[in-house]
Amino acid sequence: MSNHLLHVDQQIKSLEHSLKLAHDEWTRQDAKRRLLEEQLSKREQSILEYNETIETYERARLLLQQSAEYAREQAKQQMETLVTNALQYVFGPLFSFQIEIEEHGNKAVAEFYVVSDYEGIKVKTKPQDSRGGGVVDIVTLALRVALMETIQPKVEGPLLLDEPGKHVSGEYIHYLYEFLKSLSTMFGRQIIMITHNHHLAESGDIAYQVSIRDGISEVMEIDNT
């Protein structure tokens, strides 16, 4: 092989090596990009869920603050009862929900607490600090129902739920869907729910599975008999 051909061959191998290095680096950077996008999506979803939870608490506070004293006490008792029932239905009898209202000037300020009984000792915490996200999910769900039933004029129509109990651990999911069924019966409301949890999906009277193939959504009814 002449020196010229040898030189060209070496250049080609060098270019191939550089191309491989560049491709490997692109692969690493692309994987990092996809990971960052996934993390960003999760953070954005967490912020959305947090804002929705805060909005529910603020609506409940506003209702209690703007109510006259007698109506406020009635609303307070209804909320405490419903949320306590929800917590006990899902997590057991050692949990309760408590609303404390204090007068600051001419304004009533409401604070929400979950009370837990640990070996005879009462522990009172904010919902977001109690036993992870599962408690927050149940408190928020029950508060939303309480608001629908308490606000006048009463909000009619079905209860729409998007991923209820998303953070509730698997051992409590059965109790969650039993609680949802009791809500539907108690208040005479249809529940329309979107969920990735197959246990919750199987609890519905009618359920559909939506999947995407080649960019096309396919809907199939789930047999829950």
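This report walks through a predicted model of a single chain, from its overall layout to its core, salt bridges and surface.

## Overall layout

Start with the big picture. The chain has five helices and seven strands. Read from the N terminus, the elements come in the order α-α-β-β-β-α-β-α-β-α-β-β. With a radius of gyration of 27 Å, well over the 17 Å that the globule rule gives for 225 residues, the chain is more spread out than a compact globule. The C-alpha trace tells you how far it reaches: about 100 × 50 × 40 Å along the principal axes.

How much of the chain is tucked away? Of its 225 residues, 31% count as buried. The exposed area of the chain comes to about 15,400 Å², and carbon and sulfur atoms supply 54% of that. If you look at contacts with a separation of 6 or more, residues 24 or more positions apart account for 52% of them.

## The nonpolar core

Now for the inside. The largest nonpolar core holds 40 residues, and the ones that touch the most other members are Met-79, Leu-87, Phe-97, Phe-112, Val-139 and Leu-143. Several elements chip in with at least two residues each: helices H1 (3–66), H2 (69–91), H3 (133–150) and H4 (170–187), along with strands S1 (95–104), S2 (107–118) and S4 (159–162). H3 gives the largest share of this core, with eleven residues.

Val-139 is a good one to click on. Setting aside residues up to four places away in sequence, Val-139 touches Tyr-57, Val-83, Leu-87, Phe-97, Val-114 and Pro-127. Two of those names, Leu-87 and Phe-97, also appear among the core residues that touch the most other members.

## A buried lysine in H2

Is Lys-76 buried or exposed? This lysine sits in helix H2, and its relative accessible area is 14%, under the 20% cut-off, so Lys-76 counts as buried. And what does Lys-76 contact, leaving aside its neighbours within four places in sequence? The partners are Leu-64, Ile-99 and Ile-101.

## Salt bridges

Side chains of opposite charge can pair when their charged atoms come close. This structure holds twelve salt bridges. One of them joins Glu-149 and Arg-189, with the closest N and O atoms 2.7 Å apart. That pair links distant parts of the chain: Glu-149 belongs to helix H3, while Arg-189 is in the loop between H4 and strand S5 (191–194), 40 residues apart. Both ends are buried, with a relative accessible area of 17% for Glu-149 and 7% for Arg-189.

Glu-111 and Lys-126 form another salt bridge, and here the closest N and O atoms are 3.5 Å apart. This pair, too, links distant parts of the chain, as Glu-111 is in strand S2 and Lys-126 is in the loop between strand S3 (121–125) and H3, 15 residues apart. Glu-111 is partly exposed at 25% relative accessible area, and Lys-126 is partly exposed at 28%. Further along, Arg-213 forms a salt bridge with Glu-218, whose closest N and O atoms are 3.7 Å apart. Arg-213 is exposed, with a relative accessible area of 55%, whereas Glu-218 is partly exposed at 36%. There is also a network: Asp-30, Arg-33, Arg-34 and Glu-37 are joined by salt bridges that share partners.

## Along helix H1

Asp-24 is a handy marker in helix H1. Its relative accessible area of 26% makes Asp-24 partly exposed. How far apart in space are Asp-24 and Ile-12? They are twelve residues apart in sequence, and their C-alpha atoms are 18 Å apart.

## A nonpolar patch outside

Not every nonpolar side chain ends up inside. Ile-206, Tyr-208, Val-210 and Val-219 form a nonpolar patch on the surface, and together they have about 450 Å² of accessible area. Tyr-208 lies in strand S6 (residues 207–213). Why does Tyr-208 count as exposed? Its relative accessibility is 52%, and the cut-off for exposed is over 50%.

Definitions and conventions
Residues numbered from 1 in each chain as written. Predicted model: local features only at pLDDT ≥ 70, side-chain atom pairs only at ≥ 80, totals over all residues. Heavy atoms only, no water. Patch = residues over 30% accessible without salt bridge, like charges linked within 9 Å, V, L, I, M, F, W, Y side chains within 5 Å. Areas by Shrake-Rupley, 256 points an atom, 1.4 Å probe, with all protein chains shown as cover. Salt bridge = Lys/Arg side-chain N within 4 Å of Asp/Glu carboxyl O. Helix = DSSP H or I, 4+ residues; strand = E, 2+ residues; numbered from the N terminus. Buried < 20%, exposed > 50% of the residue type's maximum accessible area, 1.4 Å probe, protein only. Core = buried A, V, L, I, M, F, W, Y, C linked by side-chain atoms within 4.5 Å. Contact = heavy atoms within 4.5 Å. Rg over C-alpha atoms; globule rule 2.2 N^0.38 Å.
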